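Colleague: Before accepting the labels attached to this model, I should like to see each one set against its definition. Could you take me through them?

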Amino acid sequence: MFETLKNQPADKILTLMQMYRDDPREDKIDLGVGVYKDPTGLTPVMRAVKAAEHRIWEAQDTKVYTGLVGDPAFSDAMIGLVLDGAVPRDTVAAAATPGGTGAVRQAFEMIQMARPDARVFVSDPTWPNHLSILKYLGIEVVNYRYFDSDTGGVDFDGMVEDLKQARAGDVVLLHGCCHNPTGANLNTSEWDAVIKVLQQTGATPMIDIAYQGFGDGLADDAAATRKVAAAVPECLIAASCSKNFGIYRERTGLLMVIAADSSARKLNQDTLAFLNRQNYSFPPDHGARVVTTILNDADLRSDWMQELEDVRNTMLGIRTQLAAELQRLSGSDRFGFLGQHRGMFSRLGTTPEKVEELREKHGIYMVGDSRMNIAGLNQQTVPILARAIIDVGI
């Protein structure tokens with residue numbers, strides 16, 4: 001039966017995590033893993049999450065299945081958080097999924113059902129699992145230029161030129177905020193230009209928003225997603241609760257499908273239920289119930305928002321410190337882009353060889369494309385990283 005199986009490429013991030021664990025050096029620094037860490041190195045359970053879990057534990061009297069698309073209250077709460085009335089609620093179909101990855105996977109499955117010949121335009125670079133899932137499903141990928149290694153910013157002219165090659169029936173995959181892996185984001189006028197291209201080509205946008213609240217705040221981080229959704233007839237949105245609620249292991253996500261009008265919503269909703277049934281039947285509920293409890297309670301929501309702001313400001317502080325330290329050591333502002341990036345990640349724009357040198361000489365672990373997790377740093381380790389970057393000649 002299994003003799004024809006072939007070894008699959010190792011996941012680079014998981015391989016890096018194992019290498020880090022095996023490294024005996026006490027002063028090693030892990031900048032590869034994609035989770036938030038506080039200054040002590042802990043990924044804490046948020047106060048509001050603990051409080052919500054306690055309420056659920058006291059009140060819950062059954063563990064029976066939810067519906068195929070999850071609890072409608074969770075969909076309503078998340079649609080409110082992400083879209084905040086940007087489109088009419090009766091045009092939005094939604095399904096709970098196992099994390100943001102589940103939402104992305106179900107979105108690609110729905111695209112394939114609706115348009116077997118669809119091409120998906122993907123930023124270069126993007127989250128590697130986007131490409132892995134698309135390849136597995138046999139969906140054609142078209143890369144569009146995005147990151148400029150020389151400036152550490154967005155190659156916007158190249159991006160627009162490439163996106164103009166899309167056509168009706170194609171999908172353009174966009175990062176709603178805190179671009180992973182680069183940390184480089186579009187500004188407001190650039191988002192407006194992308195929307196104009198989408199309207200001209202007739203391509204359908206799919207937005208992956210996994211870091212709402214980690215960049216410039218909950219509302220600002222969702223502003224582009226809301227603007228895109230309101231400006232085009234149809235849109236897919238994959239949202240994750242892993243980062244902003246800190247419930248990584250609860251696997252809590254939502255896929256939203258926005259129709260041109262309310263009459264198309266039922267077909268979209270039924271299709272989402274069908275896709276869930278074929279994949280995992282009923283989605284997990286605990287994380288979704290925690291999120292729903294927090295978002296629907298004024299006190300819990302307020303406390304969650306405050307703690308999320310603390311997380312965001314901690315990462316901004318680390319960015320500012322790192323950019324300033326590199327400017328001091330290098331005598332130039334060529335690393336200033338690190339202070340402009342947003343979210344957990346930044347891409348240095350250096351070579352895999354330099355990244356390997358950082359690991360071998362200094363015990364600093366980051367992905368080979370030079371993506372580093374800013375949240376893996378603290379005030380004490382920032383100067384260590386800065387000296388190492390200068391030492392290897394980045």
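The exchange below goes through burial, contacts, helices, backbone angles and salt bridges.

Modeller: This is a predicted model, in which local features need pLDDT of at least 70 and side-chain atom pairs count only at pLDDT 80 or more, while totals for chains, interfaces and linings use all residues. Residues are numbered from 1 along each chain as its sequence is written, and side-chain values use heavy atoms, with hydrogens and water left out.

Colleague: Why is threonine 182 called buried?

Modeller: Buried means under 20% relative accessible area, exposed over 50%, and partly exposed in between (1.4 Å probe, protein chains only). Threonine 182 has 0% relative accessibility, so the residue counts as buried. Threonine 182 is placed in the loop between strand E7 (171-175) and helix H7 (188-201); helices (H or I, at least four residues) and strands (E, at least two) are DSSP runs, numbered from the N terminus.

Colleague: What does threonine 182 touch?

Modeller: Contact means heavy atoms within 4.5 Å. Not counting residues up to four places away in sequence, threonine 182 touches Pro125, Tyr146, Phe147, His341, Phe345, Ser346 and Arg347.

Colleague: What makes the pairing of threonine 182 and histidine 179 a polar contact?

Modeller: A polar contact is a pair of N or O atoms within 3.5 Å; within protein, one must be able to donate a hydrogen and the other to accept it, and residues adjacent in sequence count only if both atoms are side-chain atoms. The side chains of threonine 182 and histidine 179 are joined at 2.9 Å. In addition, the side chain of threonine 182 reaches the backbone nitrogen of alanine 184 at 3.1 Å.

Colleague: Which backbone features occur in that loop between E7 and H7?

Modeller: Proline 181 lies there, and the peptide bond from asparagine 180 to proline 181 is cis, with omega near 25°. Cysteine 178 is in the loop as well; its phi is near 50°, a positive value in a residue other than glycine. Cysteine 178 has 2% relative accessibility and therefore counts as buried.

Colleague: Is aspartate 84 buried or exposed?

Modeller: Aspartate 84 has a relative accessible area of 55%, so the residue is exposed. Aspartate 84 also has a positive phi of about 50° although it is not a glycine.

Colleague: Where is proline 125, which threonine 182 touches, and what is the form of the peptide bond before proline 125?

Modeller: Proline 125 is in the loop between strand E3 (119-124) and helix H5 (128-137). The bond from aspartate 124 to proline 125 is cis, with omega near 10°.

Colleague: How do you know that the length of helix H11 agrees with expectation?

Modeller: The expected span of a helix is 1.5 Å times one less than its number of residues. The 33 residues of H11 (residues 298-330) should therefore span 48 Å, and the end C-alpha atoms are 48 Å apart, which agrees. At the start of H11, a side-chain oxygen of aspartate 297 reaches to within 3.1 Å of the backbone nitrogen of aspartate 299. Just after H11, glycine 331 takes a positive phi of about 70°.

Colleague: Why is helix H10 described as mostly covered?

Modeller: In H10 (residues 286-295), 8 of the 10 residues are buried. Their cover includes helix H2 (47-59), helix H3 (72-83), strand E10 (252-258) and H11.

Colleague: What makes arginine 289 and aspartate 71 a salt bridge?

Modeller: A salt bridge is a side-chain nitrogen of Lys or Arg within 4 Å of a carboxyl oxygen of Asp or Glu. The side chains of arginine 289 and aspartate 71 meet at 3.7 Å, N to O. Arginine 289 lies in helix H10 and aspartate 71 in the loop between H2 and H3, so the pair ties together parts that are 218 residues apart in sequence. Arginine 289, with a relative accessible area of 28%, is partly exposed.

Colleague: Which salt bridges does lysine 361 form?

Modeller: Lysine 361 meets glutamate 357 at 3.9 Å, N to O, and aspartate 391 at 2.9 Å, N to O. The latter pair links distant parts of the chain, lysine 361 being in helix H13 and aspartate 391 in helix H14 (residues 381-391), 30 residues apart. Lysine 361 and glutamate 357 are 4 residues apart in H13 (residues 352-362), and so are separated by about one helical turn.

Colleague: How many salt bridges result from this rule?

Modeller: The count comes to 21 salt bridges. Arg47, Asp303 and Glu307 are linked in a network of them.
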